[in-house]
Amino acid sequence: MVRITALMLTVLFVMLPLSGCLSNEHNDDVDGDDADLLEAVVLLEEQIENKDRQIETLEGIQRDYERDVALMADVFRTNLSDRVFTGLNLSGVDLTHAILRGVNFSHTNLSGADLTGADLRFAILNHTDLRGAVLTGVKTEGLVECETSLLSSGTFCRYGILVSSYGVDLSGIDLSGLDLSEINFHDGTYVGTNFSQGVLYGAYFYGANLENAVFDGANLNGAYFTYGGRLTNASLVDANLRYTHFYRADLTGANLTGADLTDADLRQANLDNVIWGNTICPDGTVSDDHDGTCEDNLIEPVQYPDE
């Protein structure tokens with residue numbers, strides 16, 4: 001709109017001297033060609049004004065649309081699945097617990113938006129700005145082009161899932177066989193999630209809820225489940241748990257059959273009702289040689305000081 005107005009002014013500045021010259025030389029008797037030119041200038045001005053009004057109308061429609069999107073999600077919690085919300089400015093909008101499955105958010109600004117508990121599964125996040133967005137408990141799976149999103153530090157996309165150190169909800173998702181090494185899953189919810197045969201070397205699960213999660217055959221060498229990691233009734237059959245950190249973790253009812261716990265840190269971990277069976281204990285011995293348990297064969301890993 002500014003460029004159009006500037007163009008109009010430029011044309012008028014050029015024409016004004018010309019009109020003055022015509023007036024002086026011909027005593028206000030403007031010939032036909034000059035009259036046509038002045039008429040064209042007036043017509044151009046009217047067209048520019050019409051375009052300005054159209055632009056203002058479109059900008060108003062854009063603002064109203066963005067407001068309506070926020071209103072639908074914020075007030076009525078409408079199911080917005082499969083809608084197209086591309087190129088919008090929804091920064092700071094409240095989308096808590098909104099149903100956004102399959103929504104196309106390409107090139108949309110969601111910076112600072114509150115997505116707590118929202119269902120974002122299968123959404124399109126191509127160049128979506130999620131910097132500063134609240135992602136606590138957000139459900140993500142099957143995301144499209146998430147790798148191109150603008151994300152805060154500690155948040156990333158891999159294999160179509162959004163993982164954040166702020167605690168996302170990936171419960172029940174099949175993540176088996178994936179390389180998720182050194183990823184920060186801390187404080188997230190992964191109830192029943194399948195991590196079997198995965199590579200989770202050095203992954204962080206601080207305070208995560210992993211009830212009934214499956215890690216059968218997974219490589220968890222050096223992973224962290226410290227300070228409230230809940231592995232109640234989790235299956236870790238044949239898992240590589242060498243040097244894994246379970247300090248103060250809850251392993252109640254976990255299945256450690258065939259697992260390798262060599263040099264693992266189990267200090268102050270809850271081992272009630274753990275299932276042992278040919279398990280390699282932290283001290284390198286085997287549970288079957290100690291009345292079917294490793295509880296008396298833990299070690300004090302000096303390389304893992306109190307955190």
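In this predicted model, F205 touches a long list of residues that are not its close neighbours in sequence, among them F185, F195, F215, Y224 and F225. The list also includes H186, L200, L210, L220 and G229, and it leaves out residues up to four places away in sequence. F205 and F215 are the residues with the most contacts inside the largest nonpolar core, which has 69 residues. Strands β1 and β2 each supply at least two residues of this core, and β2 gives the most to it, with three residues. In soluble globular proteins, nonpolar side chains tend to be buried together.

**Aromatic residues**

F205 is also part of an aromatic cluster, which it forms together with F185, Y190, F195, F215, F225 and F246. How many aromatic pairs does a search of the whole structure find? The search finds 16 of them. One is the pair of Y206 and Y224, which is tilted, with 5.7 Å from centre to centre and 45° between the planes. Because Y206 and Y224 both lie in the segment after β2, 18 residues apart in sequence, their pairing ties together separate parts of that segment. Y206 counts as partly exposed, since its relative accessibility is 25%. Another pair, made by F215 and F225, is edge-to-face, with 6.0 Å from centre to centre and 85° between the planes. F215 and F225 also lie in the segment after β2, so this pair ties together parts that are ten residues apart in sequence. Both F215 and F225 are buried.

**The two strands**

The strands β1 and β2 pair in the antiparallel sense, over four bridges, and within this arrangement F156 stands opposite V163 in β2. The hairpin that β1 and β2 form has two residues between the strands, and in this hairpin Y159 takes a positive phi near 55°. In a regular strand the side chains alternate between the two faces of the sheet. Are the faces of strand β2 covered or open? Both are covered, as I161 and V163 on one side and L162 and S164 on the other are all buried.

**The loop before β1**

The loop between α2, which spans residues 32-76, and β1, which spans residues 155-158, holds S149. Is S149 buried or exposed? With a relative accessible area of 10%, S149 is buried, because a residue counts as buried when this value is under 20%. A polar atom of the S149 side chain lies 2.6 Å from the backbone oxygen of L125. S149 touches L125, H127 and T128, again without counting residues up to four places away in sequence.

E145 is placed in the loop between α2 and β1 as well, and it has a positive phi of about 55° although it is not a glycine. E145 counts as partly exposed, at 39% relative accessibility. N273, which is not a glycine either, has a positive phi of about 60°. The place of N273 is in the segment after β2, and this residue is exposed, with a relative accessible area of 65%.

**Charged pairs**

Side chains of opposite charge can pair when their charged atoms come close. A search of the whole structure finds five salt bridges, and the table gives some of them, with the N to O distance and the relative accessibility of each partner.

| Salt bridge | N to O distance | Relative accessibility |
|---|---|---|
| R121 and D119 | 2.8 Å | R121 24%, D119 11% |
| R131 and D129 | 2.8 Å | R131 45%, D129 10% |
| D260 and R242 | 3.4 Å | D260 17%, R242 28% |

What does the pair of D260 and R242 tie together? D260 and R242 both lie in the segment after β2, so the pair ties together parts that are 18 residues apart in sequence. D260 counts as buried, whereas R242 counts as partly exposed. Salt bridges that share partners also join R101, D119 and R121 into one network. In this network, D119 counts as buried, while R121 counts as partly exposed. For the remaining pair in the table, D129 is buried and R131 counts as partly exposed.

Note on methods: Residues numbered from 1 in each chain as written. Predicted model: local features only at pLDDT ≥ 70, side-chain atom pairs only at ≥ 80, totals over all residues. Heavy atoms only, no water. Buried < 20%, exposed > 50% of the residue type's maximum accessible area, 1.4 Å probe, protein only. Polar contact = N/O pair within 3.5 Å; in protein donor to acceptor, adjacent residues only side chain to side chain. Contact = heavy atoms within 4.5 Å. Pairing = 2+ DSSP bridges. Phe/Tyr/Trp six-rings, centres within 6.5 Å; stacked < 30°, edge-to-face > 60°. Core = buried A, V, L, I, M, F, W, Y, C linked by side-chain atoms within 4.5 Å. Salt bridge = Lys/Arg side-chain N within 4 Å of Asp/Glu carboxyl O.
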